[in-house]
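Biologist: Before we begin, please show me the model, and let me ask how each descriptive word is earned.

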Amino acid sequence: MSRPASTRIDATDIARIAVFAAIVAVLGLPGGFSVFGAVPITAQTLGVMLAGAILGPWRGALSMLVLLALVAVGLPLLSGGRGGIGVFVGPSAGYLFGWVVGAFVIGLIVHAGGRTPTWTRTIVGIITGGIITIYAFGIPVQALVTRLPLAETALQSTVFLPGDLIKAALAVAITMTLARAYPRAFRTRGRVRADEEREPVRDEAGVS
């Protein structure tokens, strides 16, 4: 039984996955800053949002897994040049795992039913996956590692919210601009083939 087209990975997909992993890494180059000294505020979640919105659920999540695998082997790809297995047991570990699930959730909502992104689905997807889902993983782990009460950790984490809302707005604008300028970037192979099959056959004069 063949795998669904939405989960098949070819050379082009591998290249796109690598590109978005690199985008997230590049967004960490300016570094970040910590307000309470535990989890840094960075631009990297913008890349997570774009990966899910543009690549879709499976490929978006895979791009984050590729990035985290490179971090785990020691490459300094997180903000401030952080890398190594130690980051996965620190206060920000939950947020990193949340990147994978968040990208998946974003893609699932934005590409619901294999359709082209709309403003509504893109906004809902990016806020749900790029903010709520990441916080749902990050805050409990941060509380566990820092040994602070969950409610206090959640309150401290509200410092991230203004910046994350700005990143979400940027991600929505970039996604919808790309959807208008180059809609094929958002099509699964199955939908592309279906669109091609629906195109009328034209004769040499260009008349269908």
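What follows is a conversation about the terms used for this protein.

Modeller: This is a predicted model, in which local features need pLDDT of at least 70 and side-chain atom pairs count only at pLDDT 80 or more, while totals for chains, interfaces and linings use all residues. Residues are numbered from 1 along each chain as its sequence is written, and side-chain values use heavy atoms, with hydrogens and water left out.

Biologist: What makes up the secondary structure of the protein?

Modeller: Helices are DSSP runs of H or I with at least four residues, and strands are runs of E with at least two, numbered from the N terminus. By that rule the protein has eight helices and zero strands, and along the sequence the pattern reads α-α-α-α-α-α-α-α.

Biologist: How do you know whether T153 and L155, which are both placed in helix α6, are buried or exposed?

Modeller: Buried means under 20% relative accessible area, exposed means over 50%, and partly exposed lies in between, with a 1.4 Å probe and protein chains only. T153 has a relative accessible area of 0%, so T153 is buried, whereas L155 has 60% and is therefore exposed. I9, in the segment before α1, has 36% relative accessibility and so counts as partly exposed. Over the 208 residues of the protein, 42% count as buried.

Biologist: Why is α4 called largely enclosed by the rest of the structure?

Modeller: The description rests on a count, because 13 of the 18 residues of α4 are buried. In α2, twelve of the twelve residues are buried, so that helix is described as mostly covered. Among the buried residues of α2 are Q44, L46, M49 and L55, and the buried residues of α2 pack against α1 (11–27), α3 (57–72), α4, α5 and α7 (161–181).

Biologist: How do you know that the span of α4 agrees with what a helix of 18 residues should have?

Modeller: The expected span is 1.5 Å times one less than the number of residues. For α4 (residues 93–110) that gives 26 Å, and the end C-alpha atoms are 26 Å apart, so the two values agree. For the twelve residues of α2 (residues 44–55) the expected span is 16 Å and the end C-alpha atoms are 16 Å apart, so these agree as well. Helix α5, with 28 residues, reaches 38 Å from its first C-alpha to its last, close to the expected 40 Å.

Biologist: What is meant by a bend, and where is α5 bent?

Modeller: The bend at a residue is the angle between axes fitted to the seven residues ending there and the seven starting there. On that basis α5 bends by about 30° at Y135, and α4 has a kink of about 30° centred on W99. After α5 comes R147, whose phi is positive, near 60°, and after α2 comes G56, whose phi is positive, near 95°.

Biologist: Why are α3 and α4 called roughly antiparallel to each other?

Modeller: Two packed helices are described by the angle between their axes and the distance between the axes. Axes are lines fitted to C-alpha atoms, for helices over the stretch in contact, and the angles run from 0 to 180 degrees between N-to-C directions. Angles under 35 degrees count as roughly parallel, over 145 as roughly antiparallel, 65 to 115 as roughly perpendicular and the rest as oblique. The angle between α3 and α4 is about 165°, with their axes 7 Å apart, and the pair is therefore roughly antiparallel. Contact means heavy atoms within 4.5 Å, and the residues that meet include P57, W58 and M64 in α3 and W99, A103 and F104 in α4.

Biologist: What makes α5 and α6 oblique to each other?

Modeller: Helix α5 (residues 119–146) and helix α6 (residues 150–157) pack at an angle of about 125°, with their axes 9 Å apart, and they are therefore oblique to each other. The contact is made by residues including Y135, I139 and A143 of α5 and L150, T153 and A154 of α6. Leaving out residues up to four places away in sequence, T153 touches I139, Q142, A143, T146 and L148.
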